[in-house]
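Please open the model in your viewer and keep the sequence panel beside it. The stops below suggest what to select next and describe what is found there.

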Amino acid sequence: MAYNYGLYAGTTHKVTSSGSSAASSTAFDDATIFVRVVASAAGHIIFASSPTATTSNIYLPAGQIEVFKVAPGDKVAFIGSGDLYATEMS
């Protein structure tokens with residue numbers, strides 16, 4: 001499925017989780033409105049200024065592209081057995 005959001009793609013953050021512990025990105029730029037995420041393996045994500053992902057958070061299947069609205073300075077945390085790629089969109 002093709003997506004056309006009409007947004008500028010900015011910095012991509014790579015977040016690697018060992019599977020049993022959460023990892024988080026650096027803070028998103030203040031101009032970032034949305035974040036496009038995709039993971040190499042299924043896992044769970046959460047957005048906040050100081051996030052810690054748990055298995056109770058948003059489930060993200062492997063290879064599934066999702067777009068989320070975020071607040072200035074938010075970060076994304078990921079727990080799973082792979083890499084999460086979060087691209088800032090503005």
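How many salt bridges does a search of the whole structure find? This is a predicted model, and the search of the whole structure finds one salt bridge.

**First stop: the salt bridge**

Select Asp 83 and Lys 14 together, and show their side chains as sticks. These two residues form the salt bridge, and the closest N and O atoms of the pair are 3.9 Å apart. The pair links distant parts of the chain, with Asp 83 in strand 8 (residues 83-89) and Lys 14 in strand 1 (residues 9-16), 69 residues apart. In general, side chains of opposite charge can pair when their charged atoms come close.

Is each partner buried or exposed? Asp 83 counts as buried, at 17% relative accessibility, because the cut-off for buried is under 20%. Lys 14, by contrast, is exposed, with a relative accessible area of 52%, and the cut-off for exposed is over 50%.

Stay with Lys 14 and display the residues around it. Leaving out residues up to four places away in sequence, Lys 14 touches Asp 83, Leu 84 and Tyr 85. If you then draw a distance from Lys 14 to Ser 40, C-alpha to C-alpha, you should find 11 Å in space between two residues that are 26 apart in sequence.

**Second stop: the whole chain**

Now clear the selection, switch to a cartoon and colour by secondary structure. The chain has zero helices and eight strands, and from the N terminus on its elements run β-β-β-β-β-β-β-β. Along its principal axes, the C-alpha trace spans about 35 × 30 × 20 Å. The radius of gyration is 12 Å, which agrees with the value near 12 Å that a compact globule of 90 residues would have.

Of the 90 residues, 39% count as buried. Among contacts with a separation of 6 or more, 77% are between residues 24 or more positions apart. With a surface representation switched on, the chain exposes about 4800 Å², of which carbon and sulfur atoms supply 52%. Colouring by charge picks out 4 positive and 6 negative side chains, and the centres of the two sets lie 3 Å apart.

**Third stop: Phe 28**

Select Phe 28, which sits in the loop between strand 2 (23-24) and strand 3 (34-39). Is this loop residue buried or exposed? Phe 28 is buried, with a relative accessible area of 3%.

Show the surroundings of Phe 28, leaving aside its neighbours within four places in sequence, and you will see contacts with a list of residues that includes His 13, Val 35, Phe 47, Val 70, Val 76 and Ala 86. Gly 73 is also in contact with Phe 28, and although these two residues are 45 apart in sequence, their C-alpha atoms are 5.1 Å apart in space.

**Fourth stop: Glu 88**

Another contact of Phe 28 is Glu 88, so named here as the next residue to select, and Glu 88 is found in strand 8. Glu 88 is buried, with a relative accessible area of 7%. Not counting residues up to four places away in sequence, Glu 88 touches ten residues listed in the viewer's neighbourhood, including Tyr 8, Gly 10, His 13, Ala 27, Asp 29 and Phe 34. A distance drawn between the C-alpha atoms of Glu 88 and Ala 77, which are eleven residues apart along the chain, gives 14 Å.

**Last stop: Ser 21**

Finally, select Ser 21, which lies in the loop between strand 1 and strand 2. At 37% relative accessibility, Ser 21 counts as partly exposed. Setting aside residues up to four places away in sequence, Ser 21 touches Phe 78 and Ile 79. The C-alpha atoms of Ser 21 and Tyr 59, which are 38 residues apart along the chain, are separated by 15 Å.

Notes
Residues numbered from 1 in each chain as written. Predicted model: local features only at pLDDT ≥ 70, side-chain atom pairs only at ≥ 80, totals over all residues. Heavy atoms only, no water. Salt bridge = Lys/Arg side-chain N within 4 Å of Asp/Glu carboxyl O. Helix = DSSP H or I, 4+ residues; strand = E, 2+ residues; numbered from the N terminus. Buried < 20%, exposed > 50% of the residue type's maximum accessible area, 1.4 Å probe, protein only. Rg over C-alpha atoms; globule rule 2.2 N^0.38 Å. Contact = heavy atoms within 4.5 Å. Areas by Shrake-Rupley, 256 points an atom, 1.4 Å probe, with all protein chains shown as cover. Lys, Arg positive; Asp, Glu negative; His and termini not counted. Charge placed at Lys NZ, Arg CZ, Asp CG, Glu CD.
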